[in-house]
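Colleague: Please take a close look at the aromatic and charged side chains in this model. Which ones pair up, where do they sit, and are they buried or exposed?

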Amino acid sequence: MKRSLMVAGMSVLLGACSGGTGGASGALDVQSTGNSLKGTYTADGSTVKFSSTETAPGVFDVTVDVHGATLGALIDRNHEVAEVDGFAGAGADTQIVEADRQVLGRFVRALDEQLDTDHVAAASILSRLASNWSQTPDSVPLQRQVAGGENRGWTSLCSSYRTYVTATHDDNNYSRNSPKTTSYADVGQRTSSTYYYVNGVWTTTTQNHVAYLYERGDCYGNCGPDCPSTVQTLTRDCHDHDQCVRNGHAIASIYCDDEFTSASDDELFAPRCSGT
């Protein structure tokens with residue numbers, strides 16, 4: 001499928017893009033002027049409309065429309081705080097569901113493949129927010145405040161890239177750091193699947209609360225739904241969230257809500273990890 005990218009009013013034709021991890025099919029059209037960008041992303045009958053504007057130095061106003069819902073956020077990078085909200089077409093409260101997560105995940109991959117989301121501020125904030133929305137469970141309220149700060153809200157694992165670091169979660173049966181909710185996971189390894197070391201061999205069969213497994217792959221610890229096409233954002237809270245959704249639970253599981261909310265500020269504000 002051919003895609004067109006609109007930049008500063010000029011159209012550039014892009015080649016076909018493969019699907020799968022790190023690939024996003026669909027059409028991304030972007031118009032960029034000064035400190036803002038807006039446009040649409042269309043794939044398989046779904047259209048995402050978006051805008052991201054730097055209204056003051058380090059302060060951003062972001063809006064994303066998907067499947068009749070409007071997702072919005074005010075982001076202050078200077079103080080690492082965000083006000084996030086979401087409404088249905090008539091202004092009523094709404095929730096993100098699986099169909100929204102699917103198209104938002106593809107939208108994020110298209111942004112990261114076609115825009116400089118590492119260095120262009122409006123694109124970076126848009127990508128980080130859309131990625132966070134693409135992982136938001138049905139049960140997490142869209143109206144919430146996200147506050148960050150290194151060693152207060154997030155702890156970087158950039159220096160732990162490609163080493164095994166303990167990851168853990170809690171749920172209705174086990175507490176954090178219990179054997180059956182704790183794994184040793186290889187930080188940031190890029191493979192298309194998660195591998196689990198079971199009975200002396202690596203397997204991609206998802207494990208359910210097996211004590212102290214060694215795990216690797218699919219950019220474990222990255223703040224995002226899968227491996228990005230750019231460098232990773234690796235943090236402690238995102239590492240723990242990955243452990244929850246890959247060991248007996250899923251993205252939409254209520255038992256991973258606390259891990260998701262703890263990782264949200266990491267995704268919005270933690271630094272990228274060069275060389276990953």
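Modeller: Tyr184 has a relative accessible area of 27%, so this residue counts as partly exposed; the cut-offs are under 20% for buried, over 50% for exposed and partly exposed in between, with a 1.4 Å probe and protein chains only. Tyr212, at 38% relative accessibility, is partly exposed as well. The model is predicted, so local features need pLDDT of at least 70 and side-chain atom pairs pLDDT 80 or more, while totals for chains, interfaces and linings use all residues. Side-chain values use heavy atoms, without hydrogens or water, and residues are numbered from 1 along each chain as its sequence is written.

Now to the ring pairs. The structure holds six aromatic pairs (ring centres of Phe, Tyr or Trp, the last by its six-membered ring, within 6.5 Å; planes under 30 degrees apart are stacked, over 60 edge-to-face, the rest tilted). One of them joins Phe50 and Phe107, whose ring planes stand at 40 degrees to each other, so this pair is tilted; the centres are 5.1 Å apart. Phe50 belongs to strand E5 (residues 46–56) and Phe107 to helix H1 (residues 98–114), so the contact ties together parts of the chain that are 57 residues apart in sequence. Helices (H or I, at least four residues) and strands (E, at least two) are DSSP runs, numbered from the N terminus. Both Phe50 and Phe107 are buried.

The two tyrosines mentioned at the start, Tyr184 and Tyr212, form another pair: their ring centres are 5.9 Å apart, and with the planes at 20 degrees the pair counts as stacked. This pair also links distant parts of the chain, for Tyr184 is in strand E11 (residues 182–186) and Tyr212 is in the loop between strand E13 (201–203) and strand E14 (213–216), 28 residues apart. Tyr184 and Tyr212 are members of one aromatic cluster, together with Tyr164 and Tyr214.

Rings can also take part in contacts with charges. The charged end of Arg216 sits over the ring of Trp202, at 4.2 Å from the ring centre. This charged end also sits over the ring of Tyr195, 4.8 Å from its centre. Here "over" means that NZ of Lys or CZ of Arg is within 6 Å of the ring centre and within 35 degrees of the ring normal.

That leaves the contacts between one charge and another. Side chains of opposite charge can pair when their charged atoms come close. A search of the whole structure finds eight salt bridges (a side-chain nitrogen of Lys or Arg within 4 Å of a carboxyl oxygen of Asp or Glu). One of them pairs Arg106 with Asp44, with 2.7 Å between the closest N and O atoms. Arg106 is in helix H1, and Asp44 is in the loop between strand E4 (36–43) and E5, so this bridge ties together parts 62 residues apart in sequence. Asp44 has a relative accessibility of 67% and therefore counts as exposed.

Asp118 and Arg272 form a salt bridge too, at 3.4 Å from N to O. Their side chains link distant parts of the chain: Asp118 is in the loop between H1 and H2, and Arg272 is in the segment after H4, 154 residues away. Asp118 has a relative accessible area of 29% and is partly exposed. Arg272, at 24%, is likewise partly exposed.

A further salt bridge joins Asp186 to Arg162, where the closest N and O atoms are 3.0 Å apart. Asp186 lies in strand E11 and Arg162 in the loop between strand E9 (144–147) and strand E10 (164–168), so the two tie together parts 24 residues apart in sequence. The accessibilities of these partners fall in separate classes. Asp186 is buried at 3%, whereas Arg162 is partly exposed at 41%.

Strand E11 therefore appears twice in this account, with Tyr184 in the stacked pair and with Asp186 in the salt bridge to Arg162. Helix H1 also appears twice, through Phe107 in the tilted pair and through Arg106 in the bridge to Asp44. Finally, some salt bridges are joined to one another: Glu98, Arg101 and Asp138 are linked in a network.
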